[in-house]
Amino acid sequence: MTLKLFISAITKFLLGVALVGVFIFLPAGSLLFFGGWLLMVILFIPMFFAGIVMMLKNPDLLKSRLNAKEKRPEQSLVVKLSGLMFVAGFIVAGLGFRFKWYTLPKGVSIGAAAVFLAAYILYAEVLRENTYLSRTIEVQENQRVIDTGLYGIVRHPNV
């Protein structure tokens, strides 16, 4: 682990927390949005711990995961459009709270959070199994085909 990688990871993490918070709570017009806080907790706490584990166990994987620059124009467009979709989802959630477009029972929100956390555990398992899992498509030195664990069931469980 290098200091530069640590600073880069922490900076991107804190920037992500701040931006998502702005995209959720500014449109909501309030910090009293339970669903917004629940989303922030289930999104960023596991991400923080996954980052720590990657930093300690496989810093090269963390470095490649932080490198979000896609070189292929078609794939770059997909990444940008998916980012726009996420931002729109956060904003609509905040506006939905502000204007009371819908009301979900807390049990539904908590149940959905539990499903999300279960999916995050599967994602963490994929990261553990495949140390070459970068955010962009690339062939890396000494890379091999993974066919155990979740990869034995689904060819590419990260997609």
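I started at Phe 49 and looked up which element holds this residue: in this predicted model, Phe 49 is found in helix H2.

I then asked which residues join Phe 49 in a surface patch, and I found a nonpolar one formed by Val 41, Ile 45, Phe 48, Phe 49, Ile 52 and Leu 56, with about 550 Å² of accessible area together. I noted beside this entry that an α-helix has 3.6 residues a turn, so residues three or four places apart point the same way.

Next I turned to helix H5, which runs over residues 106-129 and has 24 residues. I looked up its reach from the first C-alpha to the last and wrote down 35 Å, which is close to the 34 Å expected at 1.5 Å a residue.

I checked which residues of H5 are buried and listed Ser 109, Ala 113, Tyr 120, Val 126, Leu 127 and Glu 129. When I asked what covers these buried residues of H5, I found that the cover includes helix H2 (34-57) and helix H3 (59-66), so named here by their residue ranges.

Last, I went through the protein as a whole, where I counted five helices and zero strands, in the order α-α-α-α-α along the sequence. Of its 159 residues, I have 28% down as buried, and for the accessible surface I entered about 11,000 Å², of which 72% belongs to carbon and sulfur atoms. For contacts between residues at least 6 apart in sequence, I recorded that 66% join residues at least 24 apart.

Key: Residues are numbered from 1 along each chain as its sequence is written. This is a predicted model: local features need pLDDT of at least 70, side-chain atom pairs count only at pLDDT 80 or more; totals for chains, interfaces and linings use all residues. Side-chain values use heavy atoms; hydrogens and water are left out. Helices (H or I, at least four residues) and strands (E, at least two) are DSSP runs, numbered from the N terminus. Buried means under 20% relative accessible area, exposed over 50%, partly exposed in between (1.4 Å probe, protein chains only). Contact means heavy atoms within 4.5 Å. Accessible areas come from the Shrake-Rupley method with a 1.4 Å probe; for residues, only the protein chains shown count as cover. The expected span of a helix is 1.5 Å times one less than its number of residues. Patches are made of residues with over 30% relative accessible area and no salt bridge: like charges are joined within 9 Å, nonpolar side chains (Val, Leu, Ile, Met, Phe, Trp, Tyr) within 5 Å. A salt bridge is a side-chain nitrogen of Lys or Arg within 4 Å of a carboxyl oxygen of Asp or Glu.
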